[in-house]
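Colleague: I would like a close look at a single part of this structure, namely the sheet and what surrounds it. Could you take me through it slowly, in connected sentences that a first-year student can follow?

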Amino acid sequence: MKAVILLSGGLDSSTILYQAKADGCECHAISFDYQQRHRRELQSAFSVAKKAAIAKHQVVNFDLRQWGGSALTDDAIDLPQERSLDEMSQNIPVTYVPARNTIFLSFALGYAETIAAERVYIGVNALDYSGYPDCRPDYIQAMQEVFRLGTKQGREGQPINIVAPLINLKKTEIIQMGNQLGVPWELTWSCYAGDDVACGVCDSCRLRLAAFAELGLVDPLVYA
């Protein structure tokens with residue numbers, strides 16, 4: 001069984017890669033260089049893919065900075081820092097990249113149909129405090145229908161299934177799952193700041209650190 005895995009190099013996407021392997025899939029990972037502030041994550045994506053010894057790993061290049069609209073694609077928008085978990089949960093944050101998962105899933109769908117894959121794995125999580133609109137169950141359900149209606153494979157009765165195993169898990173539960181699967185956390189990257197060392201104060205770093213701390217574990221990443 002072939003699967004395309006959306007691999008950013010982060011904690012969540014690395015976990016789903018290892019889950020796809022555990023599910024017995026031949027894994028074809030796809031990462032995206034969209035000129036994001038935190039392009040450092042691609043280095044981790046390469047490292048995780050190599051460690052997992054998957055069938056293939058590719059990077060797709062395009063530039064979302066020409067539109068901006070997010071703190072991750074426009075340096076004029078300040079990156080939130082030192083926010084509490086309650087503050088993160090109040091509104092969709094400026095780190096939301098407009099339609100990013102729709103863009104990613106469209107590339108993944110084209111790739112999956114080309115190689116006759118049965119599955120596309122994505123590490124979306126609806127319980128993160130960020131509350132991104134394209135990480136929620138109703139969005140994934142809608143995209144599944146797009147996968148069915150918008151492909152030859154789907155119209156012929158062999159739809160490519162979106163697999164989102166983390167969508168209803170807490171960050172602590174994802175880490176526990178990753179521990180069971182043997183995910184190399186030291187190779188992963190969550191920071192939004194764009195430096196070579198994780199900042200420890202952006203929303204993504206704080207969510208990650210809080211989850212490790214809640215479990216009584218030490219995050220193996222080095223923080224500034």
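Modeller: What follows is a walk through the sheet, then its helices, and then a few single residues.

Please keep in mind from the start that this is a predicted model. The sheet is open and has five strands, which stand in the order β3-β2-β1-β4-β5 and pair in the parallel sense. Strands of a sheet pair through backbone hydrogen bonds, either parallel or antiparallel. At the edges of this sheet stand β3, residues 56-61, and β5, residues 161-163, each of which pairs on one side only. From one strand to the next, the twist averages 25°.

Let us stay with β2, which covers residues 26-33 and is joined to the parallel strand β3 by six bridges. Two of the residue pairs can be named here: H28 has K56 of β3 as its bridge partner, and S31 has V59, also in β3, as its partner. Towards β1, the pairing of β2 is again parallel, this time over five bridges, and A3 stands opposite C27 of β2. Between these two strands the chain passes through helix α1, residues 11-22, and the resulting β-α-β crossover from β1 to β2 is right-handed. A right-handed β-α-β unit is also made by β2, helix α2 (residues 40-52) and β3. As for how much of β2 is covered, seven of its eight residues are buried, so that the strand is described as mostly covered.

Other helices lie across the strands. Helix α4, made of residues 100-114, lies across β1 (2-6), β2, β3 and β4 (119-121), and its direction is at about 160° to that of β1. Helix α5, residues 137-149, lies across β4 and β5, running at about 150° to β5.

Now we can turn to single residues, beginning with S14, whose place is in helix α1. S14 has a relative accessible area of 0%, and it therefore counts as buried. The side chain of S14 reaches the backbone oxygen of G10 at 2.7 Å. Once its neighbours within four places in sequence are set aside, S14 is in contact with L7, G9, V48, V183 and T188.

Two alanines in loops beside the strands are worth comparing with this serine. A53 is placed in the loop between α2 and β3, and its phi is near 55°, a positive value in a residue other than glycine. Because its relative accessible area is 64%, A53 is exposed. A116, found in the loop between α4 and β4, has a positive phi of about 60° although it too is not a glycine. With a relative accessibility of 48%, A116 counts as partly exposed.

A last alanine, A198, belongs to the loop between α7 (171-181) and α8 (203-214). Its relative accessible area is 1%, and A198 is therefore buried. Leaving out residues up to four places away in sequence, A198 touches W189, C191, C205, V222, Y223 and A224. Along the chain A198 and A53 are 145 residues apart, and their C-alpha atoms are separated by 26 Å.

Methods: Residues are numbered from 1 along each chain as its sequence is written. This is a predicted model: local features need pLDDT of at least 70, side-chain atom pairs count only at pLDDT 80 or more; totals for chains, interfaces and linings use all residues. Side-chain values use heavy atoms; hydrogens and water are left out. Two strands pair if DSSP finds at least two bridges between them. Helices (H or I, at least four residues) and strands (E, at least two) are DSSP runs, numbered from the N terminus. Axes are lines fitted to C-alpha atoms, for helices over the stretch in contact, and angles run from 0 to 180 degrees between N-to-C directions. Contact means heavy atoms within 4.5 Å. Buried means under 20% relative accessible area, exposed over 50%, partly exposed in between (1.4 Å probe, protein chains only). A crossover is right-handed if, with the strands pointing away from the viewer, the path from the first strand over the helix to the second runs clockwise. A polar contact is a pair of N or O atoms within 3.5 Å; within protein, one must be able to donate a hydrogen and the other to accept it, and residues adjacent in sequence count only if both atoms are side-chain atoms.
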